[in-house]
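Got a minute to poke around a model together? Have a look at what's below and we'll talk it through.

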Amino acid sequence: HRVEYRKAGTDAPSFSMTFTSPVVAVTCSSRLLVMACADCTIHVHGHSGNLLMLPFITDAKIAKLCCEKEVVMAITCEVTVSVWDMAKRSSLLVNYQLTSLFQSSSVHLKAAYLTNSGQPIVVTTELKAYSFNWDF
């Protein structure tokens, strides 16, 4: 399974990567290129193609993947969220269970994103938004 990265306005790929498992999600920021694979791994690269860390292994397949600057967030199909700060090479949140937000079968994930400062936001179909604050 091959992924090619092309900078805007160019025809030739800047670099390419090969994975042993199908890529199921891709996201990027001004500093990162992040891919999630079907084997529950997340690969984080710089824009030059360099692998920034060994792949992360999640507890289930990725349902939502996003990044902002140097922060990466993944929500799995088992309704857990993990957040990593690549600049600090640290885990901010690992496999945090969100099941209490989705106790009713009619409530689903509507959106998940990171703010400009890297704070994770999760929004349900009930239009309730939840955030995590690292200062508490």
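What follows is a short round of questions and answers on this predicted model.

Q: What volume does the largest pocket have?
A: Start with the walls: 14 residues line the largest pocket. Val71, Asp85, Leu92, Ser117 and Gly118 are the ones nearest its centre. As for the space itself, the volume comes out at about 170 Å³.

Q: How many residues in the lining of the largest pocket are charged?
A: Sort the lining of the largest pocket by residue class. Three are nonpolar and five are polar. The charged ones number six.

Q: Which element gives the largest share of the largest nonpolar core?
A: This core holds 15 residues, and those with the most contacts inside it include Met73, Ile75, Val81 and Phe132. Two or more residues come from each of strand 8 (71-76), strand 9 (80-85) and strand 11 (109-114). The largest share, three residues, belongs to strand 8.

Q: How many residues does the second, separate core have?
A: Apart from the core just discussed, there's a separate one. Its members include Ala25, Ile62, Cys67 and Trp84. Its size is 14 residues.

Q: Is alanine 74 buried or exposed?
A: Alanine 74 sits in strand 8. Its contacts, leaving aside neighbours within four places in sequence, include Ile42, Ile62, Leu65, Val81 and Trp84. Its relative accessible area is 1%, and the cut-off for burial is under 20%, so alanine 74 counts as buried.

Q: How far apart in space are alanine 74 and threonine 58, C-alpha to C-alpha?
A: Along the chain, alanine 74 and threonine 58 are 16 residues apart. In space, going C-alpha to C-alpha, the distance is 8.7 Å.

Q: Which residues does valine 81 touch, not counting those up to four places away in sequence?
A: Valine 81 is among the residues with the most contacts inside the largest nonpolar core. Skip everything up to four places away in sequence, and here's who valine 81 touches: Met73, Ala74, Ile75, Leu93, Val94, Asn95, Tyr96, Leu98 and Phe132.

Q: Which residue's backbone oxygen does the side chain of serine 29 reach?
A: Serine 29 is in the loop between strand 3 (23-28) and strand 4 (32-37). Serine 29 is buried because its relative accessible area is 12%, against a cut-off of under 20%. Not counting residues up to four places away in sequence, serine 29 touches His47, Cys67, Glu68 and Lys69. At 2.6 Å, the backbone oxygen that its side chain reaches is that of lysine 69.

Key. Residues are numbered from 1 along each chain as its sequence is written. This is a predicted model: local features need pLDDT of at least 70, side-chain atom pairs count only at pLDDT 80 or more; totals for chains, interfaces and linings use all residues. Side-chain values use heavy atoms; hydrogens and water are left out. On a 1 Å grid over the protein atoms alone, a cavity is a set of points where a 1.4 Å probe fits but cannot get out, and a pocket is an open set with protein on both sides within 12 Å along at least five of seven lines; lining residues have an atom within 4 Å of a point. Grid points are joined across faces, edges and corners, and a volume is the space filled by probe spheres set on the points. Ala, Val, Leu, Ile, Met, Phe, Trp, Tyr, Cys and Pro count as nonpolar, Asp, Glu, Lys and Arg as charged, and the others, Gly among them, as polar. A nonpolar core is a set of buried Ala, Val, Leu, Ile, Met, Phe, Trp, Tyr and Cys residues joined through side-chain atoms within 4.5 Å. Buried means under 20% relative accessible area, exposed over 50%, partly exposed in between (1.4 Å probe, protein chains only). Helices (H or I, at least four residues) and strands (E, at least two) are DSSP runs, numbered from the N terminus. Contact means heavy atoms within 4.5 Å. A polar contact is a pair of N or O atoms within 3.5 Å; within protein, one must be able to donate a hydrogen and the other to accept it, and residues adjacent in sequence count only if both atoms are side-chain atoms.
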